[in-house]
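I am opening a notebook on a structure I have not looked at before. I want to put down what I looked up, entry by entry.

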Amino acid sequence: MTNEFQKTLDAVRVLSLKDLDASSDEDIWAEFVAEGIDPDQLATSIAVSLDDVLAASLRQQAAASKVAMQVRAVPKKSLGLTLDLIKKRIAQAFATEPQLATAFRDGSRQSDADLETLYDDLVLMGKIIDADDDR
């Protein structure tokens, strides 16, 4: 598309929008009816099209997020660590950053698997620096 053509297209777009803005709802409705267009049917058709576009966009974002999550998937850092070391590092993270919080299952305690997952999450968040030297 040439620069001159683009300028012409932009000018037509501006004039069209000014004309549309200056028209009353009744005038626009009457124009549709005069051209044999059912305004209610057109509105429904536009709404369906917008729904389709939105749904497609959300599906595309979900697929992109899924791919991004797979790319960022990090091997479990807790593998190979003793439960005592995991607990120690979690306690250090909570002592260092008091704004960290967690909830206990059924209000009692966390299972070993919960602690391993919490450890991995804290590593991913950068709250625990995974140091291989004290394994």
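The entries below go from the whole chain down to single residues.

**Entry 1: the chain**

I noted at the start that this is a predicted model. I then looked up the secondary structure and found five helices and zero strands. Reading along the sequence, I wrote the pattern down as α-α-α-α-α.

Next I looked up burial, and buried residues make up 14% of the 135 residues in the chain. The chain exposes about 10,600 Å². Carbon and sulfur atoms supply 58% of that exposed area.

I also checked how far apart in sequence the contacting residues are. Taking contacts between residues at least 6 apart, I found that 62% join residues at least 24 apart.

**Entry 2: the largest nonpolar core**

Which residues form the largest nonpolar core? I listed 12 residues: Leu81, Leu85, Ile86, Ile90, Ala93, Leu100, Leu115, Leu118, Tyr119, Leu122, Val123 and Ile128. Two helices, α4 (83-96) and α5 (112-124), each supply at least two residues of this core. The largest share, five residues, comes from α5.

I picked Leu115 out of the core and looked up its contacts. Leaving aside residues up to four places away in sequence, Leu115 touches Leu83, Ile86, Lys87, Ile90 and Gln110.

**Entry 3: helix α4**

I looked up the length of α4 and found 14 residues. From first C-alpha to last, α4 reaches 20 Å, close to the 20 Å expected at 1.5 Å a residue.

The buried residues of α4 are Leu85, Ile86, Arg89, Ile90 and Ala93. Why do I say that they line one face of the helix? Seen down the axis of α4, the buried residues fall within an arc of 135°, so they line one face. The face turned away from the buried side carries Asp84 and Ala95, which are exposed. I then asked what the buried residues of α4 pack against, and the partner is α5.

**Entry 4: helix α5**

I did the same for α5, which has 13 residues. Its reach from first C-alpha to last is 18 Å, close to the 18 Å expected at 1.5 Å a residue. In α5 I found Asp114, Leu115, Leu118, Tyr119, Asp120, Leu122 and Val123 buried. These buried residues pack against α4. After α5 comes Gly126, and its phi is positive, near 80°.

**Entry 5: Gln110, in the loop**

I moved on to the loop between α4 and α5, where Gln110 is found. Is Gln110 buried or exposed? The relative accessible area of Gln110 is 10%, so it counts as buried, the cut-off being under 20%.

I looked for a polar partner of this side chain. The side chain of Gln110 makes a polar contact with the side chain of Thr102, at 3.1 Å. Not counting residues up to four places away in sequence, Gln110 touches Thr102, Ala103, Phe104, Leu115 and Leu118. Of these, Leu115 and Leu118 are among the residues I had listed for the core.

**Entry 6: Asp114 and Glu116**

Two acidic residues of α5 were next. Asp114 lies in this helix. Its relative accessibility is 18%, and Asp114 therefore counts as buried. I checked the separation of Asp114 and Phe104: they are 10 residues apart in sequence and 9.1 Å apart in space, C-alpha to C-alpha.

Glu116 also has its place in α5. How does Glu116 count at 30% relative accessibility? It counts as partly exposed, because that class runs from the buried cut-off of 20% to the exposed cut-off of 50%.

I looked up Leu79 as well, which is 37 residues from Glu116 along the chain. The C-alpha atoms of Glu116 and Leu79 are separated by 8.3 Å. Leaving out residues up to four places away in sequence, Glu116 touches Ser78 and Ile86. Ile86 had already come up in my notes as a buried residue of α4.

How values were computed:
Residues numbered from 1 in each chain as written. Predicted model: local features only at pLDDT ≥ 70, side-chain atom pairs only at ≥ 80, totals over all residues. Heavy atoms only, no water. Core = buried A, V, L, I, M, F, W, Y, C linked by side-chain atoms within 4.5 Å. Buried < 20%, exposed > 50% of the residue type's maximum accessible area, 1.4 Å probe, protein only. Helix = DSSP H or I, 4+ residues; strand = E, 2+ residues; numbered from the N terminus. Contact = heavy atoms within 4.5 Å. Expected span 1.5 Å × (residues − 1). Arc of directions from axis to C-beta. Polar contact = N/O pair within 3.5 Å; in protein donor to acceptor, adjacent residues only side chain to side chain. Areas by Shrake-Rupley, 256 points an atom, 1.4 Å probe, with all protein chains shown as cover.
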